[in-house]
Amino acid sequence: MSDMDSTQEIVFSSGQMFLFFLRGLLLLIMPFAGYAYLHRKHGTGFFPMFTGFITVMLILLPRQMVRSMLTPAAESLTGKWLTVWFVGAVFEECGRYIAMKYGIPGRDTLTDALCYGLGHGGAETVMSAVMQFRILYEASAMTGEHLEAYAQQGWLTLLAVTLGQVLNLATHTALSVLVARAVHYEGCKKLLPVAIFLHVLGNFTDFCFDLPGDLLLTAVICAGVYLHGKQYPDGLI
């Protein structure tokens, strides 16, 4: 049977097409819904979120260049993955630190840090939303390499994709609070390497244990950041 005949046998229902659209829509509005809540409840400005979004965009190219230089030198597949994760974590967390210290130096409240995290994580969520709309296009045009896999996706995939991005946003907001403390609190500079380690650990957990491991680690990170903040009852962050 030719590839063309195999493709022609794949049929997407209107329900599946709606789910592809719904996935993209949910991911697209998710960070902005979080910002709307913070703005309504605390009057948070949009600039920290915008700064987080731009920071992610600015590090994309240099991060990829460094990965391209270092990854081939790794001697094993495990080494290659660790290199990719470590380079990504260093660029993201150091970028987060620099943006908070020099891009929004006066924004030192908890809601500012959360808002930055929504922008930082939201950049990834928006890119994932674009991917969902691309799937919708490929399914409607019956073109692409993964049509058969798309045809198997339903409500469970919708829930998994959406929950995965919720966890991603939660992790980024928690790490943003952690790095904000490294920026604004004396004696907290060690929190930057802690954030880098947690970022690498998050990538490892997601890769090895998928959604259940990601859910557990996100809960641990958020709880740890919350408990750490109780040491500073009079602090802003």
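The exchange below goes through some assignments in this predicted model and the values behind them.

User: What makes the pair of Tyr35 and Phe46 edge-to-face?

Analyst: Among the 10 aromatic pairs of the structure, Tyr35 and Phe46 have ring centres 5.2 Å apart and planes at 80°; since pairing asks for centres within 6.5 Å and edge-to-face for planes over 60 degrees apart, the pair is therefore edge-to-face. Tyr35 belongs to helix H2, whereas Phe46 sits in the loop between H2 and helix H3, 11 residues apart.

User: Why is Tyr35 called buried, and why does Phe46 count as partly exposed?

Analyst: Tyr35 has a relative accessible area of 13%, and because buried means under 20%, Tyr35 is buried. Phe46 stands at 37%, which lies between the 20% and 50% limits, so Phe46 is partly exposed.

User: Why is the pair of Tyr185 and Tyr232 called tilted?

Analyst: The planes of Tyr185 and Tyr232 are 40° apart, with 4.6 Å centre to centre; because stacked needs under 30 degrees and edge-to-face over 60, the remaining class, tilted, applies. Tyr185 lies in the loop between H7 and helix H8, and Tyr232 in the segment after H8, 47 residues apart.

User: How do you know that Arg181 has no salt bridge?

Analyst: The nearest side chain of opposite charge, that of Asp108, is 12 Å away from Arg181, and because a salt bridge requires a nitrogen-to-oxygen separation within 4 Å, none is assigned to the buried Arg181. A polar atom of the Arg181 side chain does, however, lie 2.9 Å from the backbone oxygen of Val225.

Key:
Residues are numbered from 1 along each chain as its sequence is written. This is a predicted model: local features need pLDDT of at least 70, side-chain atom pairs count only at pLDDT 80 or more; totals for chains, interfaces and linings use all residues. Side-chain values use heavy atoms; hydrogens and water are left out. Buried means under 20% relative accessible area, exposed over 50%, partly exposed in between (1.4 Å probe, protein chains only). Lys and Arg count as positive and Asp and Glu as negative; His and the chain ends are not counted. A polar contact is a pair of N or O atoms within 3.5 Å; within protein, one must be able to donate a hydrogen and the other to accept it, and residues adjacent in sequence count only if both atoms are side-chain atoms. Rings of Phe, Tyr and Trp (its six-membered ring) pair if their centres lie within 6.5 Å; planes under 30 degrees apart count as stacked, over 60 as edge-to-face and the rest as tilted. Helices (H or I, at least four residues) and strands (E, at least two) are DSSP runs, numbered from the N terminus.
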